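The following exercises are to be worked with the sequence and the coordinates at hand. Each task is followed by a solution in steps.

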Amino acid sequence: MAKAVKVKVKMESTAGTGTFFLAEKNPRTHPEKLTLKKYDKKSRKHEEFVEKKLK
């Protein structure tokens with residue numbers, strides 16, 4: 001049976017509030033770092049979230 005392709009990544013806010021969430025991505029089709037604009041509850045604004053390494 002084949003191994004799963006998707007990996008979990010940590011999406012951390014660039015506002016410096018420490019807010020993060022987990023997401024999945026396929027590194028074979030998207031090798032670049034993932035960036036998304038989402039709502040940050042602590043800063044109460046839409047901020048850019050960037051992919052960080054999940055420990």
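**Exercise 1: Salt bridges**

K25 and E51 form a salt bridge in which the closest N and O atoms are 3.1 Å apart. The model is a predicted one.

Task. Determine which strands the salt bridge of K25 and E51 ties together, and classify both residues as buried or exposed.

Solution.
1. K25 belongs to strand β2 and E51 to strand β4, so the pair links parts that are 26 residues apart in sequence.
2. The cut-off for a buried residue is a relative accessible area under 20%.
3. K25 has a relative accessibility of 11% and therefore counts as buried.
4. E51, with a relative accessible area of 14%, is buried by this criterion.

Task. State how many salt bridges the model contains, and describe the one formed by K10.

Solution.
1. The cut-off for a salt bridge is a side-chain nitrogen of Lys or Arg within 4 Å of a carboxyl oxygen of Asp or Glu.
2. By this rule there are two salt bridges.
3. K10 bonds in this way with the side chain of E12, at 4.0 Å from N to O.
4. K10 is partly exposed, because its relative accessibility is 22%.
5. E12 is likewise classed as partly exposed, at 25% relative accessibility.

**Exercise 2: The sheet**

Task. Establish the strand order of the sheet and explain why β2 and β3 each have one side without a neighbour.

Solution.
1. The four strands form an open sheet in the order β2-β1-β4-β3, and the pairing is antiparallel.
2. β2 and β3 (35-40) are at the edges with a single partner strand each, so one side of each has no neighbour in the sheet.
3. On average, neighbouring strands are turned by 40 degrees against each other, direction ignored.

Task. Count the bridges for each strand pair, and name a bridge partner in each.

Solution.
1. β1 and β2 are paired antiparallel through six bridges; M11 has F21 in β2 as its bridge partner.
2. β1 and β4 run antiparallel and are joined by four bridges; here K10 stands opposite K52 in β4.
3. β3 pairs with β4 (residues 45-52) in the antiparallel sense over six bridges, and L36 has F49 in β4 as its bridge partner.

**Exercise 3: S13 and the turn after β1**

Task. Identify the polar contacts of the S13 side chain and classify S13 as buried or exposed.

Solution.
1. S13 is part of strand β1 (residues 7-13).
2. With 7% relative accessibility, S13 counts as buried.
3. The S13 side chain makes a polar contact with the side chain of D40 at 3.0 Å.
4. A polar atom of the S13 side chain also lies 3.1 Å from the backbone nitrogen of A15.

Task. Describe the loop between β1 and β2 through G16 and T17.

Solution.
1. The hairpin of β1 and β2 has six residues between the strands, and G16 there adopts a positive phi near 85 degrees.
2. T17 is in the loop between these strands and is partly exposed, at a relative accessible area of 26%.
3. T17 is 26 residues from S43 in sequence, yet their C-alpha atoms are 7.1 Å apart.

**Exercise 4: A surface patch**

Task. Name the residues of the nonpolar surface patch that includes L22, and state their accessible area.

Solution.
1. The patch consists of F20, L22 and L54, which together have about 290 Å² of accessible area.
2. L22 is located in strand β2 (residues 20-25).
3. L22 counts as partly exposed, because its relative accessibility is 48%.

Methods: Residues numbered from 1 in each chain as written. Predicted model: local features only at pLDDT ≥ 70, side-chain atom pairs only at ≥ 80, totals over all residues. Heavy atoms only, no water. Patch = residues over 30% accessible without salt bridge, like charges linked within 9 Å, V, L, I, M, F, W, Y side chains within 5 Å. Areas by Shrake-Rupley, 256 points an atom, 1.4 Å probe, with all protein chains shown as cover. Helix = DSSP H or I, 4+ residues; strand = E, 2+ residues; numbered from the N terminus. Buried < 20%, exposed > 50% of the residue type's maximum accessible area, 1.4 Å probe, protein only. Pairing = 2+ DSSP bridges. Axes fitted to C-alpha atoms, helices over the stretch in contact; angles between N-to-C directions. Polar contact = N/O pair within 3.5 Å; in protein donor to acceptor, adjacent residues only side chain to side chain.
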